[in-house]
Every structure is written in C-alpha cells, then in structure tokens.
Amino acid sequence: VKSIAVLTSGGDSQGMNAAVRAVVRSALYFDIEVYGVQRGYQGLLNDDLRPMDLRSVGDILQRGGTVLQTARCKEFLTAEGQQRGADVLRSRGIDGLVVIGGDGSYQGANKLSKLGIKTMGLPGTIDNDIPFTDSTIGFDTAVSIVVDAINKIRDTMSSHERASVVEVMGRHCGDIALYAGLASGAETIIVPEVPYDMKEVANRMKSNFAKGKRHSIVVVAEGAAKGVDVAREITNSCGLEPHVTVLGHIQRGGAPTAADRILASQLGDFAVHQLMAGESAKACGIISGKLVATDIDTVVNSKKPFNMDLYELAIRLSQ
Ligand code: ATP
C-alpha cells in the first residue's frame, strides 16, 4: 500500500484518538501517505478527507472522543453507497482503509474490501462486545469510570445504610457491569447473558442487611433491565427502597486509561503492518498478549463468550 485512510465510526470510545495517532504515525514512519476521514462513512461519501502529517495527531493521545468525529450513515448500508465510498478512495489513490468502530463499522469495512479496498478493523467501543480480542479500545476506561462512580455512591450509601442500583452501559454484552461490579464489590450483577430472579436478588439484599451489611449495590447492564425497574421490583419484593443512578454517557467520555492508550497504540500500528503485508478484511485484536488478525466475516458472525468464571467469582466474594 502507498496511501491509506483512517476513520472512526459508530459510537465513540476513549482511546479512539490514540488509535488514530498510532495509525497515522506508523504509516508515516513507513513512508505511507495517510488521510483522515471526517465523520465516518458519511464523511467518506462526502469526500471529506484531509492529508494527515505528524503534527496533525499531536496532543490527542490523552483526549476522549475522536478528533475525526464519528457518525452513523444510512446511505453506506446500500450497495450504491459502498461503491461510491470505494470510488472516492480510489479517486484519491488510496488503497487501504483502517476503520475504528464496532460491529456495524466492521461490516462496512468488509463490504469495501470486496470492492477492492484493503481494510482493517480496530475494536473501538466501550462495550467490549467484539469477539477475537480480549478487550476493546475504551472498555478499560469505561470500567474505571464506573468503579470510580460506585466508590462515591458507596460512601454515601454506607452513611445512610441504603441500597443502590447502578445502571451501566452494555446493550448485548454485560462486561462493563461484570468487570466494574467485581472491581467495586457489588452485591449483585445483572447482565444480559445470565438469567436472574428478582425475588432472589431482593431476598439476598434483605438477608445481607440483616447480617450487618451497611450497604448494598446492584450493578445492572442496560441491556438486561432498566435500573428503575430493578429498584421497583426490589421494593415490591422486600420493601427496601434503593436509590437509582443511571451513569449514561459519562462512561464514554474523559481521558483514556494507560491500558487503553497502549492497546490503541499497539492495534493502530498492527493494522498498518497488516495492510503493508497485503492483508485485508481483518479485525485486529489482542488475545492473551498476542496481536491477532481475524477475518471480519468470522468476527461479525461470532458472539463474544461471557466470562462465567469471573461472574461466579463476583458472586462468591460478595456475600
Ligand atoms: P457501536 O458498537 O458503537 O454501535 P457500530 O460500529 O456497531 O458501533 P453501527 O451504527 O452499527 O455502529 O455502524 C456504524 C456505521 O457502519 C453505520 O452507520 C453504517 O454506515 C455502517 N454499517 C453498519 N452496518 C453495516 C453493514 N451491514 N454494511 C455496510 N455498512 C454498515
């Protein structure tokens, strides 16, 4: 490849900037020309591309969000839209594209590869819902934000001997709830992957208070239930009236953790190397410390396995 482009697509996540920086600086290091596409596939269709130099990605490593901005683009779902996207790239002499985003963005990259553009996907989403990588870019930061919030909630809960329900992000994947719940000593973790019985949750809460616990925290992934509904069911079952906190978009903002910056840097550089080796339609990830490139087809047709061991550990430790 002589010239590549990079875009961010779908929901943003902390560390996307670090990934963009890595792609740009690695490409330039190997004398590959590199363009930034503004606003994802929408910007591609609008031919909104600009050449990137070393300084264009200065001072962004530590920033949340994405300087390239992101978008969802309906037009790119059509065959005509995809063809136009490939034509825009080709008209500028660009033969490779790095797409930083989630599952849908990967599918877009796959379509472009079938039209002759070499593509690489990087997992940019806080949900950690992409298989064939241990972690997605932004996940570690989101978990840290939730843990920090629960610490604060816990301080005030124990002063008042109250129960609390904290609703976190995760539409299909309960990893934010699981990891943050384990790290913050939540009593109950409710995720889409594991069926739960509200009566049991309420009884556990009541008996723990009777045993002298001074606070009780339920972490629920938005894809499993709404925080207010969980609280209402607890009240109906056992009379306790938990406070509800919906953390919302603060989970997607703020400076990325060191772990996310390192992950993004490694993956961005790896994507450039894969393109240089002539690979295409691959999703980049890290599994057990090893950089891996998996066919996007395989990735989008698989479901991330849920870490049941960690879930059971959280239950054992939260009595
Ligand atoms: P998130 O995990 O944050 O939702 P995502 O990448 O899955 O991120 P989507 O909205 O699903 O977010 O996809 C982003 C964009 O990718 C879409 O707006 C669309 O332009 C493109 N896209 C999604 N699915 C496809 C597909 N099947 N074929 C081609 N392009 C697609």
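Q: The expected span of a helix is 1.5 Å times one less than its number of residues; set against that rule, what does helix α9 reach from its first C-alpha to its last?
A: In this predicted model, helix α9 covers residues 258–276 and has 19 residues. Its C-alpha atoms reach 27 Å from first to last, and the expected value is also 27 Å, so by the rule of 1.5 Å times one less than the number of residues the span of α9 is close to what is expected.

Q: What follows α9, and what is the sign of its phi?
A: Glycine 278 follows α9, and its phi is positive, near 90 degrees.

Q: What makes alanine 281 and serine 288 worth a remark on phi?
A: Most residues other than glycine have a negative phi. Alanine 281 is a residue other than glycine, yet its phi is positive, near 55 degrees; serine 288, likewise not a glycine, has a positive phi of about 50 degrees. Alanine 281 sits in the loop between α9 and β10 (282–287), while serine 288 sits in the loop between β10 and β11 (290–295).

Q: Why is alanine 281 classed as it is, buried or exposed?
A: A residue is buried if 20 or more other C-beta atoms lie within 10 Å of its own, and alanine 281 has 21 of them within 10 Å, so alanine 281 is buried.

Q: How is serine 288 classed, buried or exposed, and why?
A: The limit for an exposed residue is 12 or fewer C-beta neighbours; serine 288 has 6 inside 10 Å, and therefore serine 288 counts as exposed.

Q: Why is the protein called as compact as a globular protein of its length?
A: The secondary structure of the protein comes to 11 helices and 11 strands. Its radius of gyration is 22 Å, close to the 20 Å that the globule rule gives for 319 residues, so the protein is as compact as a globular protein of that length. Along the principal axes its C-alpha trace spans about 70 × 35 × 35 Å, and 50% of the 319 residues count as buried. Of the contacts with a separation of 6 or more, 75% join residues 24 or more positions apart.

Q: How do you know which class of burial fits Asp127?
A: Aspartate 127 has 27 C-beta neighbours inside 10 Å, and the cut-off is 20 or more, so this residue counts as buried. The unreviewed UniProt entry lists Asp127 under "active site". In the model, aspartate 127 is found in the loop between β5 (118–123) and α5 (139–160), and, leaving out residues up to four places away in sequence, it touches Met169, Gly170, Arg171, Cys173, Asp175 and Ile176.

Q: Why is Asp103 called partly exposed?
A: Partly exposed lies between the limits of 12 or fewer and 20 or more; with 19 C-beta neighbours inside 10 Å, aspartate 103 falls in that middle class and so counts as partly exposed. The residue lies in helix α4, and, residues up to four places away in sequence not counted, it touches Ile130 and Val300. The unreviewed UniProt entry lists Asp103 under "binding site".

Q: What makes up the shell around the ligand, and which element gives the largest share?
A: Helix α4 (residues 103–114) contributes the largest share, six residues. The shell divides into four nonpolar, 10 polar and three charged residues, and glycine is classed as polar in this division. Of the 17 residues around the ligand, Gly10, Gly11, Gly102, Gly104 and Gly108 come nearest.

Notes: Residues numbered from 1 in each chain as written. Predicted model: local features only at pLDDT ≥ 70, side-chain atom pairs only at ≥ 80, totals over all residues. Near = placed C-beta within 6 Å. Helix = DSSP H or I, 4+ residues; strand = E, 2+ residues; numbered from the N terminus. Rg over C-alpha atoms; globule rule 2.2 N^0.38 Å. Contact = placed C-beta atoms within 7 Å. UniProt positions renumbered as here; feature names shortened; annotations may be inferred.
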